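Reader: I am a first-year student, and I would like a close look at a single part. Could you take me through the aromatic rings and what lies around them?

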Protein chains: 2
Amino acid sequence: MPPASNRTEPRFDTVVVVGVGLIGGSIAAAARKRGVARRVVGVGRSRERLEAARLHGVLDEIATSGAEVGKADLVILCTPVDRIAGDARRIAAELSGSPILTDAGSVKGTICDDLRATPVTRGRFIGSHPLAGSEKNGWENSDSDLFVDRLCVVTPGEADPPADVARVEEFWKAIGMRVRRMSPAAHDEALAFTSHLPHLVAAALAGSLPEGFQPFAARGFRDTTRVAGGDPELWSAIFEANADAVASSVAIFRKSLDQLAAAVQGRDAAKVRELLLLGQSNRNSLDSGT
Amino acid sequence: MPPASNRTEPRFDTVVVVGVGLIGGSIAAAARKRGVARRVVGVGRSRERLEAARLHGVLDEIATSGAEVGKADLVILCTPVDRIAGDARRIAAELSGSPILTDAGSVKGTICDDLRATPVTRGRFIGSHPLAGSEKNGWENSDSDLFVDRLCVVTPGEADPPADVARVEEFWKAIGMRVRRMSPAAHDEALAFTSHLPHLVAAALAGSLPEGFQPFAARGFRDTTRVAGGDPELWSAIFEANADAVASSVAIFRKSLDQLAAAVQGRDAAKVRELLLLGQSNRNSLDSGT
């Protein structure tokens, strides 16, 4: 065994990931790869699925309840958005110690409201949303570098102890993320536009593809509808939890769509070019080229 | 020099590519790589740009007019859709021999109508559309395998000699494509939906991105808006040439969008799931996974 001075001490003793799918599996694998915790424990309903993930190196240990885990310092809820608050209360009651709980849900308002109204009985919850993902599912598609250079939004309440917020942020930074604090409402408004709306648009576009047109769907159609391959269960829960902000973003998009469609139908080439230039310029302003 | 029996004879003597951008450059590079022609000549306005493409192995020879080329058997127009018919007439008048002309334009009705009303004075035109592309521009981004396993739609008129149509198809097959014959109108209806509509939707989505939301645009937004990075000049010409079919496809999409948006706003989770499932199923029915 090498001398202790040659090793970086893990920043957390026990990190628990509840819900080991694509996101949970990627978080666990990212934490393991970077030695962030002494042990990364995966909690889920299927011991068989968890054991397979452990054998593939995604997890150190597995459990089907918090009681099996024992003492934990950081718990990350990676279950669907409509289950996060309930799962947080359940696992907190089962664990020992006084854990900090956070999550990876792509909606924050409903979850933070729910857990403020009925808090966890042990530890405290501080919401997070690591902005990375895929239309794929399951820990089999997990990627220990999924979060590198990505943004994580953390949405603390005003009463949350700064040290706890810092600890949550420390975890996300340790797996390579940039961190930004926002209110749950500001997060939900932005994500309605940049994530939930594109999903809705892609699903509507894919859903309206006329019979027999599949052979003519080349790269443009494939790129534009890629996210529509995502899990309808997960996404209907997201839409439900952020329905008002999504409706507002649809209204903004529809205005932009109608304007461009009217210019095309009216053969107003100058207006079409102007609107396409605006789209191109906004697209090119996104920081990464992919 | 190896004995002739050891070599595959080129299927064409001289193939001329007019407009050496991403598509023209990829066609030329694909033909060169596969030994489809004895010589692949690039025709364009800038001798300097053409010479650079030749030095990079995209072309065998370059020319700024048909007269410089001399005798040609196949000419492929790869200029913007609003210039193809005029460029076809100009190059045909300048060349010698009796060339077959085709094109790579993503709209067929207006181009084929124009060239039926005012035909080329030498040779004959048969429309094509190889379904492949990129939001990038310029021969620098050309790819000799861009067309492999992709579909090429060929849109002959009823009076076109079958041997000429077969010769055009032979070229596309020789660079790796599958070929399908359709009427220009049927092509334009299908492509309005599978290519022009996604571009319009992506441009409208990118164009409506509110100020300050860029940092929250993760993979979903990037994928869904990728094609909006395409050249506004090229795309406004495409929209103009296929305005009616595009307007019809927008109407179909808008119905699907409104239905999903109403289900989200009305918190009708069952309906949201049903519509997302339809989108997912259509998306998954596309033959390639990317």
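Author: Here is a walk through the aromatic rings, followed by the way the two chains are related.

This is a predicted model. Over all chains, a search of the whole structure finds eight aromatic pairs. Start with F213(A) and F193(B). Their ring centres are 6.4 Å apart, and their planes stand at 55 degrees. Rings count as edge-to-face only over 60 degrees and as stacked only under 30. The pair is therefore tilted.

Now place the two rings. This pair crosses between chains. F213(A) sits in the loop between α7 (184-207) and α8 (219-225) of chain A. F193(B) belongs to helix α7 (residues 184-207) of chain B. Are these rings buried or exposed? Buried means under 20% relative accessible area. F213(A) has 15% relative accessibility, so it counts as buried. F193(B) has a relative accessible area of 2%, so F193(B) is buried too.

Next comes a pair inside chain A. W235(A) and F239(A) form a tilted aromatic pair, 5.9 Å centre to centre, with 50 degrees between the planes. Both residues lie in helix α9 (residues 232-241) of chain A. They are four residues apart, about one turn of the helix. W235(A) is buried, and F239(A) is buried as well.

Rings can also group. F12(A), F171(A) and W172(A) make up one aromatic cluster. F12(A) has a further neighbour. R167(A) lies over the face of F12(A), at 3.9 Å from the ring centre. Look at chain B as well. There, R167(B) lies over the face of F12(B), at 4.0 Å from the ring centre.

How are the two chains related? A rotation of 180 degrees, with 0.0 Å of shift along its axis, superposes chain A on chain B. The RMSD is 0.0 Å. The two copies are thus related as by a two-fold rotation axis. In chain A, T224(A) has the C-alpha nearest that axis, 2.0 Å from it. The same surface serves both copies, as 100% of the contact residues of chain A recur in chain B.

To recap, keep two tilted pairs in mind. The pair of F213(A) and F193(B) crosses between chains. The pair of W235(A) and F239(A) lies in helix α9 of chain A.

How values were computed
Residues are numbered from 1 along each chain as its sequence is written. Chains are lettered from A and ligands numbered from 1 in the order in which they are written. This is a predicted model: local features need pLDDT of at least 70, side-chain atom pairs count only at pLDDT 80 or more; totals for chains, interfaces and linings use all residues. Side-chain values use heavy atoms; hydrogens and water are left out. Rings of Phe, Tyr and Trp (its six-membered ring) pair if their centres lie within 6.5 Å; planes under 30 degrees apart count as stacked, over 60 as edge-to-face and the rest as tilted. Helices (H or I, at least four residues) and strands (E, at least two) are DSSP runs, numbered from the N terminus. Buried means under 20% relative accessible area, exposed over 50%, partly exposed in between (1.4 Å probe, protein chains only). A charge sits over a ring if NZ of Lys or CZ of Arg is within 6 Å of the ring centre and within 35 degrees of the ring normal. Copies are superposed by least squares on the C-alpha atoms of residues with pLDDT of at least 70 in both. Contact means heavy atoms within 4.5 Å.
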